[in-house]
Amino acid sequence: MKAPKIKDARYLGSGTTAAQLPGPALPEIAFAGRSNVGKSSLLNALVARKGLARTSKTPGHTDKINLFEIVTEAGDVVFGDLPGYGFAARSKTEIKSWGPMIEGYLMNRGSLRALVLLVDLRRGVQDDDDDLAEFWAQTKKPLVLVATKVDKVPKSQLKPALDKLRSAVDAKIIGFSSETGQGRDELWSAILGAIRA
């Protein structure tokens, strides 16, 4: 299935608690992953907009939950961009506060339909990725694992690296490149399938 035509993509609002976020009105898809995994670049590539989600060379740039409304020919959806975890150039206190914020959003946001978990294909699934996947499993909602930066892996190593991920996590796995657009159609297909389920 081809990615739907994007009619509009706009920032809705940010917050660190449910009360600070705009109320749920549309199906939502959460995007999570380690700091510097390429989350903002993926979101921008997914909606074909360069500056929707702000990218930064500094890991840990996103420190709130950011919501974006995406209007497509196939239906409307909200993307929830979560703060990266793992290494980040932030204070330990600040990073610790992200845990309850992310967990609260994932467990209590009734409009959430799926979690898209990003991992850098070159590094594979890390312990904190595993922890988040296990935490999300409580919701019984779909998990989509996206292996980012596939364009940085030699072609001969791509299939073995993706197969290794498939044996590590019980989830749909999509190889994605924000540079080339590889995986964009497949990810959109998973997103639309989740919001229509």
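Is Thr72 buried or exposed? Select Thr72 to begin: in this predicted model, the residue has a relative accessible area of 4% and is therefore buried, the cut-off for that class being under 20%.

**The whole chain**

Before going further into the neighbourhood of Thr72, colour the chain by secondary structure, which shows five helices and seven strands. Followed along the sequence, these elements come in the pattern β-β-α-β-β-α-β-α-β-α-β-α. Of the 197 residues in the chain, 49% are buried, and if you compute a contact map restricted to separations of 6 or more, residues 24 or more positions apart account for 74% of the contacts.

**Thr72 and strand β3**

Return now to Thr72, which you will find in strand β3, residues 65–72. Display its side chain together with the backbone that follows: the side chain reaches the backbone nitrogen of Ala74 at 2.9 Å, and it also reaches the backbone oxygen of Gly75 at 2.6 Å. If neighbours within four places in sequence are set aside, Thr72 is in contact with Pro4, Lys5, Ile6, Lys7 and Trp188. Keep Trp188 selected, since the next two stops both involve this residue.

**The aromatic cluster**

Add Phe31 and Phe79 to the selection, and you have the three residues that ring pairs link into a cluster. A search of the whole structure finds three aromatic pairs. In the pair formed by Phe31 and Phe79, the ring centres are 4.8 Å apart and the planes stand at 65°, so the arrangement is edge-to-face. This pair connects distant parts of the chain, with Phe31 in strand β2 (residues 28–33) and Phe79 in strand β4 (residues 75–81), 48 residues apart. With a surface displayed, check the accessibility of both partners: Phe31 has a relative accessible area of 0% and is buried, while Phe79, at 1%, also counts as buried.

**Helix α1 against helix α5**

Select residues 39–46, helix α1, and residues 184–196, helix α5. Two packed helices are described by the angle between their axes and the distance between the axes. For α1 and α5 the angle is about 85° and the axes are 10 Å apart, and the two helices are therefore roughly perpendicular to each other. To see the contact itself, show Leu42, Ala45 and Leu46 on α1, and Arg184, Leu187, Trp188 and Ile191 on α5. These contact residues divide into six nonpolar, no polar and one charged.

**Lys39 in helix α1**

Stay on helix α1 and pick Lys39, which is found in this helix. Which class does Lys39 fall into, buried or exposed? At 6% relative accessibility, Lys39 counts as buried. Its side chain is joined to that of Asp81 by a polar contact of 2.9 Å. Apart from neighbours within four places in sequence, Lys39 is in contact with Phe31, Ala32, Gly33, Asp81, Leu82, Pro83, Gly84 and Leu118, a list that includes Phe31 from the aromatic cluster.

**Gly99 in helix α2**

For the last stop, select helix α2, residues 92–108, and within it Gly99. This glycine is partly exposed, with a relative accessible area of 26%. Draw a distance from the C-alpha atom of Gly99 to that of Tyr85, and the viewer should give 8.5 Å for these two residues, which are 14 residues apart along the chain.

Notes. Residues numbered from 1 in each chain as written. Predicted model: local features only at pLDDT ≥ 70, side-chain atom pairs only at ≥ 80, totals over all residues. Heavy atoms only, no water. Axes fitted to C-alpha atoms, helices over the stretch in contact; angles between N-to-C directions. Helix = DSSP H or I, 4+ residues; strand = E, 2+ residues; numbered from the N terminus. Parallel < 35°, antiparallel > 145°, perpendicular 65-115°, else oblique. Contact = heavy atoms within 4.5 Å. Nonpolar A, V, L, I, M, F, W, Y, C, P; charged D, E, K, R; others polar. Phe/Tyr/Trp six-rings, centres within 6.5 Å; stacked < 30°, edge-to-face > 60°. Buried < 20%, exposed > 50% of the residue type's maximum accessible area, 1.4 Å probe, protein only. Polar contact = N/O pair within 3.5 Å; in protein donor to acceptor, adjacent residues only side chain to side chain.
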